[in-house]
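Please look over the sequence and the model below before reading on. The paragraphs that follow move from the chain as a whole to single residues and their surroundings.

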Amino acid sequence: GGGSPSSNAGVGPGAGGRGWRRSYSAWSWGQRSPPPTGTGLACDTGDDSPPWAALEQLGLAQRCQRVQCRPPTDEELLLLHSPPSLAQSEAQTSSCPPPGGSLLELLGKVLSGTLRNGLVLLGPPGPPPEASGVLGAVGLAARVAQRHHGVQRILIMYWGVRPGPLVPQIFLEDPGVLCFGVHQARDPPVGVGSGRGEGFTVSVHWDQLGGSDGDFAAAAFQLLLPIACQFQPQLVLVAAGCDRDPEG
C-alpha cells in the first residue's frame with residue numbers, strides 16, 4: 001500500500017508450541033485453562049501515520065488490544081550486540097532510539113498466554129537492512145525469546161526487495177532458528193547457514209521485479225509450509241516488508 005515507509009512485524013505461536021504449555025496444558029481444580037485469545041497491536045510510527053490510519057479505517061485497530069510502545073533496554077540489546085557496537089549505535093542514533101521494544105513487549109504477552117498473536121507497525125530510522133531496522137528488531141525478538149523465555153524453535157519469515165542478510169548472519173549456525181526469506185534477485189543469495197545451522201536458512205529469489213500474489217502463495221504453500229511442518233516452530237515471527245524500496 002501507499003503512505004509513509006514502514007514495516008510490520010507479526011508474532012504468534014507455532015505448531016509445536018511447547019512454550020505455551022502453561023496456557024494449553026495447565027490444570028486448575030481439574031479444569032483445563034482456556035487458550036489465549038486476542039490480537040495485540042503496537043504502533044511505533046505514530047497514531048497519525050498512514051499505516052495506522054488505514055487500520056483504523058478498516059476497523060482492524062479497534063478489534064485489537066493496544067500494546068504499549070517502548071524502546072528496547074540495554075540489557076535486551078546486549079543479547080544481540082557487543083558493548084562497543086551498542087555504544088556506537090546509540091551515539092549515532094541518540095535522537096531516535098532503535099525500534100524493537102514494542103515488539104518485545106508484544107512478544108512477552110504472547111509467550112505468557114495473555115495474547116494469542118499480534119502486529120507491530122515499525123518505522124525503521126536507518127536504511128535497511130541495518131541493525132536499527134525491522135530485521136534487527138525481529139532478530140532481537142528471536143534472541144530474547146530464546147534466552148528469556150526458553151523457546152527452542154523459531155521460524156522467521158521476511159520479504160522485501162533486497163535479501164537483507166542481517167537475520168541469517170545472526171543465526172547462521174543456530175539450528176533453533178529457521179530463516180525463510182523472499183526477495184528480488186538483485187543480490188546474491190545469503191547462503192543456507194553453516195555448521196549446525198546448515199540448511200536452516202532458505203532464500204527464495206524472484207527472477208524479475210514485481211512478484212505477484214500467486215508467486216508469494218506458491219512460495220508459501222509449496223516451500224514454506226512443508227519445511228515449517230517438519231521444523232515444528234514454537235514461535236513464528238514475520239517481517240512484512242523489510243526494506244523501503246518502492247518497487248517492493
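What follows is a walk through this structure, beginning with overall figures and ending with individual loop positions.

The model is a predicted one, and the values given here are computed from it. The protein chain contains 8 helices and 10 strands, and of its 248 residues 41% are buried. When contacts with a separation of 6 or more are considered, 70% of them in the protein chain are accounted for by residues 24 or more positions apart. The protein chain exposes about 12,500 Å², and 53% of that area is supplied by carbon and sulfur atoms.

How many disulfides does a search of the whole structure find? The search returns 0 disulfides. As for individual cysteines, cysteine 64 has a relative accessibility of 23% and therefore counts as partly exposed, while cysteine 229, with a relative accessible area of 53%, is exposed.

Aromatic rings offer a further point of entry. A search of the whole structure finds 1 aromatic pair. Its members are phenylalanine 200 and phenylalanine 231, whose ring centres are 6.0 Å apart and whose planes stand at 65°, so the pair is edge-to-face. This pair links distant parts of the chain, given that phenylalanine 200 belongs to the loop between strand S8 (177-184) and strand S9 (201-206), whereas phenylalanine 231 belongs to helix H8 (residues 213-231), and the two are 31 residues apart. Their exposure can be stated for each residue: phenylalanine 200 counts as partly exposed at 24% relative accessibility, and phenylalanine 231 is buried, with a relative accessible area of 11%. Elsewhere, a ring has a charge as its partner, for the charged end of arginine 66 sits over the ring of tryptophan 52, at 4.3 Å from the centre of that ring.

Phenylalanine 200 also leads to another group of residues, since aspartate 174 is in contact with Arg143, Gln146, Gly197 and Phe200 when neighbours within four places in sequence are left aside. Where is aspartate 174 placed? Aspartate 174 lies in the loop between helix H7 (166-170) and S8, and its relative accessible area of 18% makes it buried. Its side chain takes part in a polar contact of 2.9 Å with the side chain of glutamine 146, and that side chain of aspartate 174 also reaches the backbone nitrogen of glycine 176 at 2.8 Å.

On the other side of the 2.9 Å contact, glutamine 146 is placed in helix H6 (residues 134-149). Glutamine 146 counts as buried because its relative accessibility is 16%, which is under the 20% limit for that class. Once its neighbours within four places in sequence are set aside, glutamine 146 is in contact with Val151, Ile154, Phe171, Asp174 and Val177.

Returning to the loop between S8 and S9, one finds glycine 193 there, and at 16% relative accessibility this glycine counts as buried. Not counting residues up to four places away in sequence, glycine 193 touches Leu172, Glu198 and Thr201. The C-alpha atoms of glycine 193 and glutamine 169 are separated by 8.2 Å, although these residues are 24 residues apart along the chain.

Two further loop residues can be described in a similar way. Serine 49, in the loop between strand S4 (39-43) and helix H2 (50-57), is buried with a relative accessible area of 5%; serine 49 and leucine 121 are 72 residues apart in sequence, and their C-alpha atoms are 9.8 Å apart in space. Proline 72, in the loop between strand S5 (65-66) and helix H3 (74-77), is buried with a relative accessible area of 9%; between proline 72 and glutamate 105 there are 9.0 Å from C-alpha to C-alpha, with the two residues 33 residues apart in sequence.

A last position concerns the backbone. Most residues other than glycine have a negative phi. Glutamine 232, however, has a phi near 55°, which is a positive value in a residue other than glycine. Glutamine 232 is found in the loop between H8 and strand S10 (235-240), and with a relative accessibility of 32% this residue counts as partly exposed.

Technical notes. Residues are numbered from 1 along each chain as its sequence is written. This is a predicted model: local features need pLDDT of at least 70, side-chain atom pairs count only at pLDDT 80 or more; totals for chains, interfaces and linings use all residues. Side-chain values use heavy atoms; hydrogens and water are left out. A disulfide is a pair of cysteine sulfur atoms within 2.5 Å. Buried means under 20% relative accessible area, exposed over 50%, partly exposed in between (1.4 Å probe, protein chains only). Rings of Phe, Tyr and Trp (its six-membered ring) pair if their centres lie within 6.5 Å; planes under 30 degrees apart count as stacked, over 60 as edge-to-face and the rest as tilted. Helices (H or I, at least four residues) and strands (E, at least two) are DSSP runs, numbered from the N terminus. A charge sits over a ring if NZ of Lys or CZ of Arg is within 6 Å of the ring centre and within 35 degrees of the ring normal. Contact means heavy atoms within 4.5 Å. Accessible areas come from the Shrake-Rupley method with a 1.4 Å probe; for residues, only the protein chains shown count as cover. A polar contact is a pair of N or O atoms within 3.5 Å; within protein, one must be able to donate a hydrogen and the other to accept it, and residues adjacent in sequence count only if both atoms are side-chain atoms.
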